[in-house]
Amino acid sequence: MSLAERLTGLSARDNTPIAIVGLGHGATHWVAATFYLLLPSLSTALGLDYAATGLLVSVLHVSAFVANFGSGPLTDMTGRRVALQVASLLMGAAALALLGFAGGLLAVAALVAVIGASNNLWHPPAISYLSARFPGQRGWALSVHALGAGLGDAVAPLAAGAMLVALTWEGVALYSCLPVLAVAAALAMFLGRAPASSHGDAGKGVDFGQYLAGIAAVVKDRAVLGLCLMSAFRAMTQNGLLVFLPLYLAHEMKVSPLMMGVALAALQVGGLIATPIAGRLSDRVGRRQVVLAGLGVSTLAIAALTLLGNELSFIAGVSVLGFALYAIRPVVHSWMMDLTPSHLGGSATSLMFGAQTGLSILAPVVGGIVADAYGLVVTFYVLAASMLVTNLIAWSLPNAKRA
């Protein structure tokens with residue numbers, strides 16, 4: 001048995017499609033992370049206050065929420081999982097490249113909406129593809145998928161922060177689309193030729209009647225709905241952090257763009273380390289135990305961030321937060337796939353991400369209003385309270401794995 005098989009349960013050849021899809025996920029997060037890092041410069045150029053800046057980010061989540069309702073059914077009824085992943089990357093790359101050419105707030109908002117839609121077009125086909133193709137190693141496969149996201153989230157702020165030293169934010173937006181286009185080409189070349197049978201039952205697609213009957217059963221499942229609610233509160237907290245961490249660093253701690261990129265990258269570094277461990281561990285000991293541990297650490301870390309007064313200690317605290325917060329993301333996705341049939345994996349993913357984006361719409365606006373009225377520090381306490389609610393919901397969920 002090779003080292004890869006001992007560690008992951010799969011051969012190096014079987015791990016290749018997992019790695020490629022993981023890179024694709026990283027590319028979608030590269031687009032979003034670049035946008036978040038450019039947000040302070042973009043908001044200054046447009047003359048926006050905190051509430052208006054938060055409203056612009058909410059446009060991203062609203063568009064993702066709307067797109068989410070079509071991406072899951074489209075995935076399950078067509079079975080065209082790889083083609084939909086490629087389309088997602090091309091949309092995100094185009095919107096990011098054009099962001100610097102937008103002439104005003106409305107044009108910027110329209111492109112931000114495309115970025116949001118492209119992000120939620122990705123998840124149903126990618127997660128259901130990996131889940132159906134590797135059912136016995138679901139936690140591992142989806143942890144690599146999440147690892148790709150962490151890689152994109154970590155490298156994009158560093159790259160964009162470094163480019164901002166020499167380029168305008170408009171130039172950074174343009175050049176940042178190139179890696180996304182490269183990954184889209186790799187997906188089309190290496191996975192696009194794979195037969196639908198390699199996806200298991202999920203690759204065949206289902207007719208409309210079968211789809212309606214199956215999804216009706218899924219949405220009546222209390223465990224599924226509880227998991228969606230828990231995931232929604234976790235995602236709301238995460239997205240609030242992505243908005244207000246760079247604003248806190250830029251306006252309260254007065255750090256340079258490069259150090260801001262380092263801090264946002266540190267949020268991902270811990271997750272890059274912990275994600276594959278958490279995914280593989282959840283295959284062995286269960287999803288619930290791993291999720292509860294990560295949520296507890298995340299709650300304490302968010303509350304403690306505002307007590308850290310210098311750059312180095314703040315970056316260290318952010319890294320601990322990322323270790324806990326991002327490691328559990330693929331475990332939650334695996335938990336959902338455990339509870340739903342493989343041929344409805346896309347729609348189950350849409351249901352979860354719909355709940356996530358629904359609450360995430362509120363985080364930037366509510367957080368911006370709180371920041372304008374009471375200061376950015378109080379916004380972090382609100383985010384910690386949101387994570388505490390996530391803990392309480394997770395405690396009520398069953399750990400059972402279904403066929």
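## Before we start

Helices here are DSSP runs of at least four residues, numbered from the N terminus. Keep in mind that this is a predicted model.

## The largest cavity

Let's start inside. The count comes to 5 cavities of 30 Å³ or more, and the largest of them holds about 370 Å³ of space. It has 26 lining residues, and those closest to its centre are His29, Asn119, His123, Gln238 and Asn239.

Which helices supply at least two residues each to this lining? They are α2 (12-46), α3 (50-78), α5 (105-133), α10 (222-251), α14 (329-339) and α15 (345-360). Sorted by class, the lining of the largest cavity has 13 polar, 10 nonpolar and 3 charged residues.

## The second largest cavity

Next comes a cavity with a volume of about 70 Å³, the second largest. Its lining is made up of Ala33, Tyr36, Leu37, Asp153, Pro157, Leu242, Leu264 and Gln268. Two or more of these residues come from each of α2, α6 (138-166) and α11 (257-285), with α2 giving the largest share, 3 residues.

By class, this lining splits into 6 nonpolar residues, 1 polar and 1 charged.

## Out on the surface

Now for the outside. Leu90, Leu98, Phe101, Leu167, Leu174, Tyr175, Leu178 and Leu181 together make a nonpolar surface patch of about 760 Å². The elements giving two or more residues to the patch are α4 (81-99), α7 (169-175) and α8 (178-190).

Take Leu174 as one member: this leucine sits in helix α7. Leu174 counts as partly exposed because its relative accessibility is 33%, and partly exposed means between the 20% and 50% cut-offs.

Methods
Residues numbered from 1 in each chain as written. Predicted model: local features only at pLDDT ≥ 70, side-chain atom pairs only at ≥ 80, totals over all residues. Heavy atoms only, no water. Patch = residues over 30% accessible without salt bridge, like charges linked within 9 Å, V, L, I, M, F, W, Y side chains within 5 Å. Areas by Shrake-Rupley, 256 points an atom, 1.4 Å probe, with all protein chains shown as cover. Salt bridge = Lys/Arg side-chain N within 4 Å of Asp/Glu carboxyl O. Buried < 20%, exposed > 50% of the residue type's maximum accessible area, 1.4 Å probe, protein only. 1 Å grid on protein atoms, 1.4 Å probe; cavity = no way out; pocket = protein on both sides within 12 Å on 5 of 7 lines; lining within 4 Å. Points joined across faces, edges and corners; volume = space filled by probe spheres on them. Nonpolar A, V, L, I, M, F, W, Y, C, P; charged D, E, K, R; others polar.
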